Amino acid sequence: MASASLSVSPLRYSNKTYSKNRPIQSSLSGVPSIPVPTTTKSVSLPIRKIPGDYGLPIVGPYKDRLDYFYFQGRDVYFKSRAEKYNSTVFRANMPPGPPIASNPNVIVLLDAKSFPVLFDLSKVEKKDLFTGTYTPSLDLTGGYRVLSYLDPSEPNHAKLKNLIFFLLKSSRDRLIPEFHNIFLGLFEKLESEFSSNGKVAYNDLNDQACFNFLGKAFYGTNPADTKLGEDGPSIIQKWLLLQLSPILSLGLPWAVEDPLLHTSRLPSIIVRSDYQKLYNFFYESSGPILDEGEKLGVKRDESCHNILFSTCFNTFGGMKIFFPNLLKWVGRGGALLQRKLAEEIRSAIKSNGGKVSMSAIENMPLMKSCVYETLRIEPPVPLQYGKAKQDFVLESHDAAFEVKKGEMLFGFQPFATKDSRIFGNGEEFVPDRFVGEGEELLKYVVWSNGPETENPTVGNKQCPGKDFVVLVSRLLLVEFFLRYDSFAIEVGTSALGSAITLTSLKRATF
Ligand code: HEM
């Protein structure tokens, strides 16, 4: 049962509220709300000048940054401008701005029709924009530009992406058993803390379990059994902060936080010796992966910095945000949803002789839909960038816009994936949205930097961990509901995602 302190719209199931063919008005009030069909076919839209401006140099970006973090907050920052300009495409500045980023000017995309231009590599370049309009110091990645910052046109992109594909492929058979072992340990800790305190904070235990799971699954080594011990998650947190501080808020008073985080990079020396400890763990545990790197033409240390980055930033960072989110949405779904999930999961596992396997998981449509719905409603990486390679015309639902070569496009994904012209009740968590015919909508679920119906390749920038992420998220729900009938939560905020406290946890009774 969800905590009463949460403000949630009543949970609805899709058969009551969703009609695939029904035209739906835009969810951004004030944005043109003419009902349009849910197709994205173009019908010669009028060319419109991209509305909005960047303000005076220095002053405009500074004012926009304060609005974004403190005076309006991120969602209102975008929503209020969309309303003011009556458009889901407009010009604005994105933090941090000068002096960290010399050019903060972007064209903002907020709807499901314009957003996918960010995946079209004939139109946009993805070089050095993983974190947006600035790049963190290379001292934080061993002096290398790691894969996430490379455009597919750069020769190293294909080599390094193949290395990550190899890492994922070689861990395939370990994922299900190691997830079970490590999360069993997490559940035992949750229960023991719960029985002493009557509630338990989920995030720290989640971080520890995720990191140990990744060590076991990817490298066959539990970090807790090495010199690194239990320090991995706290080191990564510090290292992530140094890379992301220009675009994060820690909830401090603005007059303190803004100059501290957003006007200069925090010195990387703060984390140098800790990073070395992490690096040593990876170097010592990943011999066969580094051998493969050499075969692909990548030096051992460059491979090691890359697998460290993919494991700690891409994967651990993603799971750190996404797992609490998943429990948040399923927790808010309340007892009825949780009962249905427990029944579905237990019945599929029973029919599979009591064994968790890929094929058993395929027979859990509601559970699979809940994972996709969470990825849709709260994509773990919400900000995406792409720089125009040429002049072209960009279309939203309502208008066409001329984009010039060299301009930076920025998509705020949570608005694109709540676009009511695509998703009925887009602002609501609809647990069975992607069941049956609803699967057709998966092409608009783009958390992996591409449609859920497409696959990562060496020629694109789609996340190579796409299938891994979907699998481990499913495993979290499967293991959870094999052990518990229901749970309740309280939700707080943290610098990266939601902070979850479990306030009730009922062991399986049926
Ligand atoms: C919840 C977990 C994850 C999330 C939310 C996530 C999300 C993303 C996103 C949004 C991008 C594109 C960023 C951009 O260019 O704008 C990306 C790229 C990438 N991700 Fe993931 N990811 C996750 C897990 C993983 C895993 C498990 C791996 C590998 C072990 C991985 C490795 C990468 C790499 C290497 C790239 C760059 C791809 C390229 O350059 O072609 N990620 N990820």
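What is the order of the strands in the open sheet of 3 strands? I began my notebook with that one, and I found β4-β10-β9, with antiparallel pairing. Strands here are DSSP runs of E with at least two residues, helices are runs of H or I with at least four residues, and both are numbered from the N terminus. I count two strands as paired if DSSP finds at least two bridges between them.

A note on what I am looking at: this is a predicted model, in which local features need pLDDT of at least 70 and side-chain atom pairs count only at pLDDT 80 or more, while totals for chains, interfaces and linings use all residues. Residues are numbered from 1 along each chain as its sequence is written.

**Sheet**

I looked at the edges next. β4 (200-201) and β9 (484-493) each have a single partner strand, so each keeps one side without a neighbour in the sheet. Between β4 and β10 (residues 498-507) I found 2 bridges in the antiparallel sense; A201 has T501 of β10 as its bridge partner.

Then I checked the helices against the sheet. Helix α5 (residues 175-197) lies across β4 and β10, at about 85° to β10. α11 lies across β9 and β10, and runs at about 150° to β9. For these angles, axes are lines fitted to C-alpha atoms, for helices over the stretch in contact, and the range is 0 to 180 degrees between N-to-C directions.

**Domains**

I have domain 1 as 14-39 + 136-379 + 417-507 and domain 2 as 40-135 + 380-416, with bounds from an automatic or database domain assignment. Their centres, taken over C-alpha atoms, are 25 Å apart.

How many residues of domain 1 are in contact with domain 2? I get 42, against 40 residues of domain 2, where contact means C-beta atoms, placed from the backbone, within 7 Å. On the domain 1 side, α7 (232-244), α8 (254-262) and α11 each supply at least two residues; α11 gives the most, with 4 residues.

**Core**

Last, I turned to the largest nonpolar core (buried Ala, Val, Leu, Ile, Met, Phe, Trp, Tyr and Cys residues joined through C-beta atoms within 7 Å; buried means 20 or more other C-beta atoms within 10 Å of a residue's own). Of its 127 residues, V108, L109, I345 and L477 touch the most other members. Helix α11 (residues 300-351) makes the largest share, 21 residues. Both domains give residues to this core, so it lies between them.

I followed V108 further: leaving aside neighbours within four places in sequence, V108 is in contact with F78, V89, F90, A92, F410 and F412.

Definitions and conventions
Buried ≥ 20, exposed ≤ 12 C-beta atoms within 10 Å, placed from the backbone. Contact = placed C-beta atoms within 7 Å.
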